[in-house]
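Let's take a friendly walk through a protein chain together. Have a look at the sequence and the fold below, and then we will go through them step by step.

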Amino acid sequence: MKVVIIGGGPAGIISAISAKKANKENDVVILEKMKTLGRKLLITGKGRCNITSSLNMSDFIENIPGNGKFLYSAFKNFTNTDIINLLKR
Ligand SMILES: Cc1cc2nc3c(=O)[nH]c(=O)nc-3n(C[C@H](O)[C@H](O)[C@H](O)COP(=O)(O)OP(=O)(O)OC[C@H]3O[C@@H](n4cnc5c(N)ncnc54)[C@H](O)[C@@H]3O)c2cc1C
């Protein structure tokens, strides 16, 4: 299958990896309007690429400015530990 992803930010890059992992036969292309992928990602955390924290979920939610409790359902499916493990792989 031909998979075309528009935008090569973190979401597009992870989508491309997932599409290829789902089926190695997939022909995956990222269309990015800038010269390189992930330009915004590179300026996060003042250039240190600050992704997440290794706190347990309660402390993690507690440290989100405002009311972070609405994030519980999303984090039930994909946690801060999941993103750390994904990036390690
Ligand atoms: C100054 C700053 C600091 C930040 N610091 C942090 C931080 O410390 N930690 C953190 O977790 N997050 C941080 N963020 C937020 C983080 O950068 C975003 O959450 C993340 O980049 C969103 O990823 P995305 O893939 O959804 O979108 P984007 O990164 O915006 O990627 C979208 C991509 O699509 C491309 N695009 C758009 N339209 C088209 C088109 N028509 N055709 C082709 N390509 C197109 C864009 O050029 C871009 O590359 C920061 C953001 C900024 C601006």
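The paragraphs that follow move from the whole chain to its strands, its ligand and one chosen residue.

Before we start, keep in mind that what you see is a predicted model. A good place to begin is the list of building blocks: the chain has 5 helices and 2 strands. If you follow the chain from the N terminus, these elements come in the order β-α-β-α-α-α-α. How spread out is the chain? Its radius of gyration is 16 Å, well over the 12 Å that the globule rule gives for 89 residues, so the chain is more spread out than a compact globule. Along its principal axes, the C-alpha trace spans about 40 × 30 × 25 Å. Burial can be put in numbers too: 1% of the 89 residues count as buried.

The chain can also be divided into parts. The domain assignment gives domain 1, covering 1-50, and domain 2, covering 51-89. Between the C-alpha centres of domain 1 and domain 2 there are 21 Å.

Now turn to the strands. Strand β1 takes up residues 2-6, and it pairs with β2 in the parallel sense over 5 bridges. To get from β1 to β2, the chain passes through α1, and this β-α-β crossover is right-handed. You can pick out one pairing by eye: I6 has L31 in β2 as its bridge partner. Is strand β2 well covered or hardly covered? Strand β2, residues 27-31, is hardly covered, with 0 buried residues among its 5.

Next comes the ligand. Which residues come nearest to it? Of the 19 residues around the ligand, the nearest are G7, G9, A11, T44 and N50. Two elements, α1 (10-22) and α2 (39-43), each give two or more residues to this shell. The largest share, 4 residues, comes from α2. By chemical character, the shell around the ligand is made up of 8 nonpolar, 7 polar and 4 charged residues.

Finally, let's visit a single residue, I83, which sits in helix α5, residues 80-88. Why does I83 count as partly exposed? I83 has 14 C-beta neighbours inside 10 Å, and being buried would take 20 or more, while 12 or fewer would make a residue exposed. As a last stop, compare I83 with E62: they are 21 residues apart along the chain, and their C-alpha atoms are separated by 19 Å.

Conventions. Residues numbered from 1 in each chain as written. Predicted model: local features only at pLDDT ≥ 70, side-chain atom pairs only at ≥ 80, totals over all residues. Near = placed C-beta within 6 Å. Nonpolar A, V, L, I, M, F, W, Y, C, P; charged D, E, K, R; others polar. Domains from an automatic or database assignment. Pairing = 2+ DSSP bridges. Right-handed = clockwise from strand over helix to strand, strands pointing away. Rg over C-alpha atoms; globule rule 2.2 N^0.38 Å.
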